[in-house]
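Colleague: I am new to this structure and would like to go through it in short questions. Please show it before we begin.

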Amino acid sequence: MWETITHKIQGSKTAADVLQAGVPIVTFPQPYLRGRMAANFLTTMELHTIDPLVAASSCCVASSVADYVSKALRLGNDATYRDKVASAIKERSYRIWNDFQTSFEWARFLVRALGVSGVNDDELAIEMGYEPEAWQEDEATAKEIVKEQKRWRLSQLSRLVSRLEYV
């Protein structure tokens with residue numbers, strides 16, 4: 001049933017609208033992209049650097065249904081905490097709307113996925129006019145992006161193999 005609900009709602013637009021308004025949200029990432037966008041937005045904002053008590057993983061990204069309920073109740077009932085999270089979101093939401101790293105990472109992914117040779121990351125950045133901000137140069141963030149790209153590529157290969165097995 002949960003997948004049916006998230007399939008109909010498709011949370012990326014809703015999450016974007018809510019975060020742009022500076023309103024805290026709670027999300028429970030799902031296997032498909034449409035069920036992970038809010039978590040990606042929250043991770044991009046790196047709320048933990050503003051206040052360790054409002055880290056994306058501790059305030060807004062649930063690991064289970066029970067955790068989701070617990071986080072939603074805390075944000076709903078604790079006005080001080082909710083205000084702290086909202087303030088952190090307002091301070092960092094520019095990272096979602098002005099994130100040129102996303103375009104660069106898509107280009108990097110396409111270069112690798114299509115097997116384009118002779119183009120390294122530095123040349124690609126120059127060609128695109130991309131210069132990362134200090135917060136985007138974090139090694140952990142870069143590794144997470146590459147990990148997500150690999151996961152996506154494997155899922156696409158898996159879908160292709162299952163289609164071929166069907167034929």
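**Helix H6 and beyond**

Modeller: On the other side of H6, Thr80, Asp83 and Lys90 are exposed, that is, over 50% relative accessible area (buried means under 20%, partly exposed in between, with a 1.4 Å probe and protein chains only). This is a predicted model, in which local features need pLDDT of at least 70, side-chain atom pairs count only at pLDDT 80 or more, and totals for chains, interfaces and linings use all residues. Residues are numbered from 1 along each chain as its sequence is written, and side-chain values use heavy atoms, with hydrogens and water left out.

Colleague: Which residues of H6 are buried?

Modeller: Helices here are DSSP runs (H or I, at least four residues; strands are E, at least two), numbered from the N terminus. By the cut-off under 20%, the buried residues of H6 are Tyr81, Val85, Ala86, Ala88, Ile89 and Arg92.

Colleague: Within what arc do the buried residues of H6 fall, seen down its axis?

Modeller: The arc is taken from the directions from the helix axis to the C-beta atoms. The buried residues of H6 line one face of the helix, because they fall within an arc of 160 degrees.

Colleague: What span should the 14 residues of H6 have?

Modeller: The expected span of a helix is 1.5 Å times one less than its number of residues. The end C-alpha atoms of H6 are 20 Å apart, which agrees with the expected 20 Å.

Colleague: Is Ser87 buried, partly exposed or exposed?

Modeller: Ser87 lies in helix H6, residues 79-92. Pro24 is 63 residues away from Ser87 in sequence, and their C-alpha atoms are 9.2 Å apart in space. Because its relative accessible area is 42%, Ser87 is partly exposed.

Colleague: Which residues does Ser93 touch, not counting residues up to four places away in sequence?

Modeller: Ser93 is found in the loop between H6 and helix H7 (94-97). Ser93 counts as buried because its relative accessibility is 10%. With contact meaning heavy atoms within 4.5 Å, Ser93 touches Leu19 and Met45.

Colleague: Which helix gives the most to the largest nonpolar core?

Modeller: A nonpolar core is a set of buried Ala, Val, Leu, Ile, Met, Phe, Trp, Tyr and Cys residues joined through side-chain atoms within 4.5 Å. Of the 21 residues in the largest one, Leu19, Leu42, Met45, Leu47 and Val85 touch the most other members. Helix H2 (11-20), helix H3 (37-45) and H6 each supply at least two residues of this core. The helix that gives the most, with five residues, is H3.

Colleague: How many residues are in the other core?

Modeller: That core lies apart from the largest one. Among its members are Ala107, Leu124, Ala125 and Tyr130, and its residues number six.

Colleague: Which residues of H8 are buried?

Modeller: Helix H8 (residues 100-113) has 14 residues and reaches 20 Å from its first C-alpha to its last, close to the 20 Å expected. H8 is followed by Gly115, whose phi is positive, near 70 degrees. The buried residues of H8 are Gln101, Phe104, Glu105, Ala107, Arg108, Phe109 and Val111.

Colleague: Which residues does Phe109 touch, not counting residues up to four places away in sequence?

Modeller: Phe109 is found in helix H8 and counts as buried because its relative accessibility is 7%. The C-alpha atoms of Phe109 and Val146, 37 residues apart along the chain, are separated by 8.4 Å. The residues that Phe109 touches are Gln149, Trp152 and Arg153.

Colleague: What is the C-alpha to C-alpha distance between Thr14 and Ala38?

Modeller: Thr14 has its place in helix H2 and is partly exposed, with a relative accessible area of 43%. Thr14 and Ala38 are 24 residues apart in sequence, and in space their distance is 8.7 Å.

Colleague: How many disulfides are there?

Modeller: A disulfide is a pair of cysteine sulfur atoms within 2.5 Å. Cys59 is buried at a relative accessible area of 1%, and Cys60 is buried at 0%. By the sulfur distance rule, the count of disulfides is zero.

Colleague: How many helices does the protein have?

Modeller: From the N terminus on, the elements run α-α-α-α-α-α-α-α-α-α. The protein has zero strands, and its helices number ten.

Colleague: What percentage of the residues in the protein is buried?

Modeller: The protein has 167 residues. Buried residues make up 31%.
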